[in-house]
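I opened this notebook to record, entry by entry, what I looked up in the structure, beginning with a single residue and working outwards.

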Amino acid sequence: MTNQTNDTRNEQGTNERGTNERGTNERGTAGGSADGRSAVVLVTSATGKTGRRVAERLTARGATVRAGSRSGATPFDWEAPETWGPALRGADAAYVAYYPDLAAPGGVEAMETFGRLASEHGVRRLTVLSGRGEPEAVVAEEALRAAAVGVELTVVRAAFFAQNFSEGLLAEGVAEGVVVFPAGDTAEPFIDVDDLADVVVETLTADGHAGRVHELTGPRPIGFAEVAAEIARASGRAVVYQPVSRSEYAGMLTGFGLPSPEADWLAALFATLLDGHNASVTDGVKRVLGREPRSFGAFADATWAGEDA
């Protein structure tokens, strides 16, 4: 599950930063442009957890980045298809981080439309963020692949983000000393979003990833109770995990202001994903980047070390 409305895995964001088209002529994204200019890359959901990191890394590599967001210099809104074509016009490549999630109702249709537009506008390379172990997301991936005729497509399927505990809704619970989630005692190999962003940028700037599916996890699966313990260790303050049922979590989301159908869908998705089938690890980060992924403990140290109790 990638881009959830409650920001539990990621994206779109509300703190629009308005970063946009800039860059120098270093290594061109998507192999560079035929006229020698730096390649133009559209980054969708560019203020979200992954999008802003991808945009920063692409800029550092010399790409001209179009940071697509609702109120930025490149208007882009997944709920407004009329913004997609103008954002894609003249782009060489794009990072596709669909909101709220590829597995959500409407995801297949959105990918069909976006893929067709990318092909019509001559985009050469796409990397799409997907969720690990989500059959509905795979259907959306294939819809994008079929519609984006003549476009190189790479799929990046991610485990749950470590940054869910430091950015977004779960961060509020961490700050209050309790992580509430319907995960039971299931373990999850959390992926550090910085590792994920490095992989995405590599797929957009280097050859050899067309048609590939990269499944990304952290180095080992850990349970939510261990997550809370790692945060407590790093921060020096008490943090505990409180498991809840699917229906209880849906009620919490409704209390946060989500419509009941959306809250029920998210709670059901979490229950499905956290049934143990995603507890294994992969070597996706190492295969793409040549190094091991960062552990949750190392992430916790980098994020919370030195906090006052």
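Entry 1. I looked up Glu-202 in this predicted model and asked whether Glu-202 is buried or exposed. Glu-202 counts as buried because its relative accessibility is 18%, and the cut-off for buried is under 20%. I then placed Glu-202 in helix α6, which covers residues 193-205, and noted that its side chain makes a polar contact, at 3.1 Å, with the side chain of Arg-61.

Entry 2. I turned to the chain as a whole and counted 11 helices and 11 strands in it. Of the 309 residues in the protein chain, 57% are buried, and I recorded an accessible surface of about 11,500 Å², with 51% of that belonging to carbon and sulfur atoms. I also looked at contacts between residues at least 6 apart in sequence, and found that 81% of them join residues at least 24 apart.

Entry 3. Next I traced the sheet, and asked in what order its strands lie. It is an open sheet of 7 strands with parallel pairing, and the order reads β3-β2-β1-β4-β5-β6-β9. The edge strands are β3 (74-75) and β9 (213-216), each of which pairs on one side only. Within this sheet I followed one pair more carefully: β1 (residues 40-43) and β2 (residues 64-69) run parallel to each other and are joined over 4 bridges, and Leu-42 has Arg-66 in β2 as its bridge partner.

Entry 4. I then looked for helices that lie against these strands. Helix α4, residues 135-147, packs on the sheet and touches β5, β6 (152-158) and β9, with its direction at about 165° to that of β6. Helix α3, residues 107-120, lies across β1, β4 (93-96) and β5 (125-131), and runs at about 170° to β4.

Entry 5. Arg-66 came up again when I looked up Arg-89, which sits in the loop between α2 (84-88) and β4. Setting aside residues up to four places away in sequence, Arg-89 touches Arg-66 and His-121. I noted that Arg-89 and His-121 are 32 residues apart in sequence, while their C-alpha atoms are 5.6 Å apart in space. Arg-89 counts as partly exposed because its relative accessibility is 47%, which falls between the 20% and 50% cut-offs.

Entry 6. I asked which residues have the most contacts inside the largest nonpolar core. That core has 36 residues, and the ones I listed are Phe-165, Phe-181, Phe-190, Phe-224, Ile-231, Phe-296 and Trp-304. At least two residues of this core come from each of α5 (169-176), β7 (178-181), α7, α8 (246-255), α9 (260-273) and α11 (296-304). A second core, separate from it, has 30 residues and includes Ala-118, Val-123, Val-128 and Ala-137. I then checked Phe-296 by itself: beyond four places in sequence, its contacts include Phe-165, Phe-190 and Ile-231, and also Ala-162, Ile-222, Val-227 and Glu-230.

Entry 7. I finished with Ala-234 in helix α7, residues 224-235, which counts as buried because its relative accessibility is 10%. Apart from neighbours within four places in sequence, Ala-234 is in contact with Ala-300, Asp-301, Trp-304, Ala-305 and Gly-306. For one of these, Asp-301, I noted a separation from Ala-234 of 67 residues in sequence, against 5.2 Å in space from C-alpha to C-alpha.

Conventions
Residues numbered from 1 in each chain as written. Predicted model: local features only at pLDDT ≥ 70, side-chain atom pairs only at ≥ 80, totals over all residues. Heavy atoms only, no water. Buried < 20%, exposed > 50% of the residue type's maximum accessible area, 1.4 Å probe, protein only. Polar contact = N/O pair within 3.5 Å; in protein donor to acceptor, adjacent residues only side chain to side chain. Pairing = 2+ DSSP bridges. Contact = heavy atoms within 4.5 Å. Axes fitted to C-alpha atoms, helices over the stretch in contact; angles between N-to-C directions. Areas by Shrake-Rupley, 256 points an atom, 1.4 Å probe, with all protein chains shown as cover. Core = buried A, V, L, I, M, F, W, Y, C linked by side-chain atoms within 4.5 Å.
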